[in-house]
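Me: Please give me a close look at a single part of this model, namely the sheet and what packs against it. I would like one connected account, with the terms explained as they come up.

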Amino acid sequence: MTGSEAPVLLHTAGRAAHITLNRPRAINALNHEMVRRIDRALTGWEHDPAIDTVVIAGAGERGLCAGGDIRTIHDDARDGDGTASAAFWRDEYRLNARIARYPKPYVALMDGIVMGGGVGVSAHGSVRIVTERSRIAMPETGIGFVPDVGGTRLLALAPGELGTHLALTGAQIGAGDALLCGLADHYVPSAFLRDFVDDLAVGSVHRALAHHVQPPPRGELAGHREWIDACYGAGTVEEIVQRLFAHGDPSAKEAAETLLAKSPTALKVTLAAVRRARLLGSLERVLDQEYRVSCAALSTPDLVEGIRAQVIDKDRSPHWSPATLTEVTDADVDRFFAPLGERELGLAGADTGP
């Protein structure tokens, strides 16, 4: 493998160190090797006096990162024993926590598609840049999975019930809404990203931001807060769907129809995960919870079926089991949050702050 073929490219330019996710044909989907490479690079740069700033970006024109390599997870869940996926998540979630605590500015260029695991390596950073091309989402319920990589905490902290709406529907948002929801910090037009990065090589992050940040385009979610907060404040997914259909706003009805196409089990577990995340506090505690949920999902039929329908066969016609919300019991949901004993992720023991 030549340097240019490596799945993660590393280089330095002046005072800035750069991570480039380099699987452009897969929209830079993360695999275990990539997570390890990023972690090793962060270790090397953390105490390097020549490095002031770390920058992460994606190769190609389509985006930073479309998520984790779910084909590999599909095969492991279907044919393996789940240990490979669990090991990947263990290192990935530890990396997410490390990014959030990194002692140097960690600048994420969230240009283009940023979904799932891509959110995990960007939205926990200290300087999160979106552009007019940004399309950000946690679309896991559509593949029978639950938002992870700290996503349930990020969404739990969004204003009102916006995060609940995004978690359950998997809706994509642009720059303005990413800023509103707390998933990003600054807007820089994509045409100016190169100049922004060049400035990081010779000066501070603060100065580079001052030169290039512009007012963001208007988002859409603020105009929908009334029905989103009223409907997603319900106690169950069934009641959320009922409120959405009854509200009268066409967008609310569309959201209800979207929910009914998702995995019923994933919807109920996601609602529980986001609400529990609001009470857990630290990112480390939430990642510990997400690890339990992710490992539990490996033994459910919906994860394999969802990835098959969306990514493998692409028939977009998953057959969920159970098939309806009413068939998913409280006990079914609680099983996802059961302690793992010696297999716990155990980040909360290293918890260092809110």
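Reply: Helix α8 lies across β1, β2, β3 (53–58), β5 (106–110) and β7 (127–130), and it runs at about 170° to β5. Contact here means heavy atoms within 4.5 Å, and helices (H or I, at least four residues) and strands (E, at least two) are DSSP runs numbered from the N terminus. This is a predicted model, in which local features need pLDDT of at least 70 and side-chain atom pairs count only at pLDDT 80 or more, while totals for chains, interfaces and linings use all residues. Residues are numbered from 1 along each chain as its sequence is written, and side-chain values use heavy atoms, with hydrogens and water left out.

The sheet itself is open and has six strands in the order β1-β2-β3-β5-β7-β9, with mixed pairing, where two strands pair if DSSP finds at least two bridges between them. Because β1 and β9 (186–187) stand at the edges with a single partner strand each, one side of each is left without a neighbour in the sheet.

At the β1 edge, strand β1 (residues 8–13) pairs with β2 in the antiparallel sense over six bridges. Within this pairing, Leu9 has Thr20 of β2 as its bridge partner, and His11 is bridged to His18, also in β2. The two strands form a hairpin with two residues between them, and Gly14 in the turn has a positive phi of about 60°. Beyond β2 (16–21), in the loop that leads to α1 (32–46), is Ile27, which has a positive phi of about 50° although it is not a glycine. Ile27 is buried, with a relative accessible area of 11% (buried means under 20%, with a 1.4 Å probe and protein chains only).

Returning to the helix that lies across the sheet, the axes of α8 (residues 193–202) and α9 (residues 205–212) come within 8 Å and cross at roughly 155°, the axes being lines fitted to C-alpha atoms over the stretch in contact and the angles running from 0 to 180 degrees between N-to-C directions. That makes α8 roughly antiparallel to α9, a label used for angles over 145 degrees. The crossing of α8 and α9 is right-handed, in that the near helix is turned clockwise from the far one by less than a right angle. Asp195, Phe196, Asp199 and Leu200 of α8 meet Val205, Ala208, Leu209, His211 and His212 of α9. By class, this contact has five nonpolar, two polar and two charged residues, with Ala, Val, Leu, Ile, Met, Phe, Trp, Tyr, Cys and Pro counted as nonpolar, Asp, Glu, Lys and Arg as charged, and the others, Gly among them, as polar.

Terms used
Buried means under 20% relative accessible area, exposed over 50%, partly exposed in between (1.4 Å probe, protein chains only). Angles under 35 degrees count as roughly parallel, over 145 as roughly antiparallel, 65 to 115 as roughly perpendicular and the rest as oblique.
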